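Could you walk me through this model in the viewer, one selection at a time? I would like to know what to pick next and what is there.

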Amino acid sequence: MRCRPACGACCIAPSIRQPFFGMPQGKAAGVRCVHLDSHQACGLFGDSRRPALCAAFMAEREICGENRDQALLIISDLEVFSNPDSGPQ
């Protein structure tokens with residue numbers, strides 16, 4: 001699957017805990033990356049300053065769903081489910 005035009009869900013929904021170019025504190029889940037342009041495309045695509053997490057991401061129907069809204073929901077859910085601090089207390 002290729003990235004869906006004008007989506008950007010993978011640049012909004014997940015957290016990036018490591019500092020990276022333009023976001024020295026990293027990025028919280030649900031926060032728009034400063035490099036997401038007005039067309040919802042990554043401004044660091046192909047740039048060596050792009051976070052490794054982003055470079056490793058591969059669009060897949062199971063993650064990206066059928067549309068942008070589904071992608072935001074699925075990736076947001078994965079963020080919560082993968083956070084060790086969100087488990088039962």
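Here is a tour that goes from one helix to the charged pairs and then to a few backbone spots.

**Before you start.** This is a predicted model, in which local features need pLDDT of at least 70 and side-chain atom pairs count only at pLDDT 80 or more, while totals for chains, interfaces and linings use all residues. Residues are numbered from 1 along each chain as its sequence is written, and side-chain values use heavy atoms, with hydrogens and water left out.

**Stop 1: helix α3.** Select residues 68-81, which make up helix α3. Helices here are DSSP runs (H or I, at least four residues), numbered from the N terminus. With 14 residues at 1.5 Å a residue, α3 should span 20 Å, and its end C-alpha atoms are indeed 20 Å apart. The expected span is 1.5 Å times one less than the number of residues.

Now colour A71, L72, I75 and E79, the buried residues of α3. Buried means under 20% relative accessible area, exposed over 50%, and partly exposed in between, using a 1.4 Å probe and protein chains only. Look down the axis of α3: the buried residues fall within an arc of 100°, so they line one face of the helix. That arc is taken from the directions from the helix axis to the C-beta atoms. An α-helix has 3.6 residues a turn, so residues three or four places apart point the same way.

Which residues are exposed on the other side of α3? Pick D69, L73 and F81 to see them. Then add α2 (61-64), against which the buried residues of α3 pack. Contact means heavy atoms within 4.5 Å.

Finally, zoom to the start of α3, where a side-chain oxygen of N67 comes to within 3.1 Å of the backbone nitrogen of D69.

**Stop 2: E79.** Stay in helix α3 and centre on E79. How far away is the nearest side chain of opposite charge? That side chain is R17, at 4.1 Å, and E79 is buried with no salt bridge. A salt bridge here is a side-chain nitrogen of Lys or Arg within 4 Å of a carboxyl oxygen of Asp or Glu. Show the surroundings too: E79 touches A13, P14, S15, R17 and A29, not counting residues up to four places away in sequence.

**Stop 3: the salt bridges.** By this rule there are 2 salt bridges. Select R49 and D47 for one of them, with N and O 2.7 Å apart. R49 is partly exposed at 41% relative accessibility, and D47 is partly exposed at 24%. Next, select E66 and R61, whose closest N and O atoms are 3.8 Å apart. E66 counts as exposed at 53%, whereas R61 is partly exposed at 44%.

**Stop 4: R50.** Move to R50, in the segment before α1. R50 is buried yet has no salt bridge, and the nearest side chain of opposite charge, D47, is 8.9 Å away. Leaving aside neighbours within four places in sequence, R50 is in contact with C42, L44, F45 and A55.

**Stop 5: two backbone spots.** Most residues other than glycine have a negative phi. Select A6, in the segment before α1 (52-56): its phi is positive, about 60°, although A6 is not a glycine. End at Q40, also placed in the segment before α1. Q40 is not a glycine either, and has a positive phi of about 60°; its relative accessible area of 22% makes Q40 partly exposed.

Terms used. Helix = DSSP H or I, 4+ residues; strand = E, 2+ residues; numbered from the N terminus. Polar contact = N/O pair within 3.5 Å; in protein donor to acceptor, adjacent residues only side chain to side chain. Lys, Arg positive; Asp, Glu negative; His and termini not counted.
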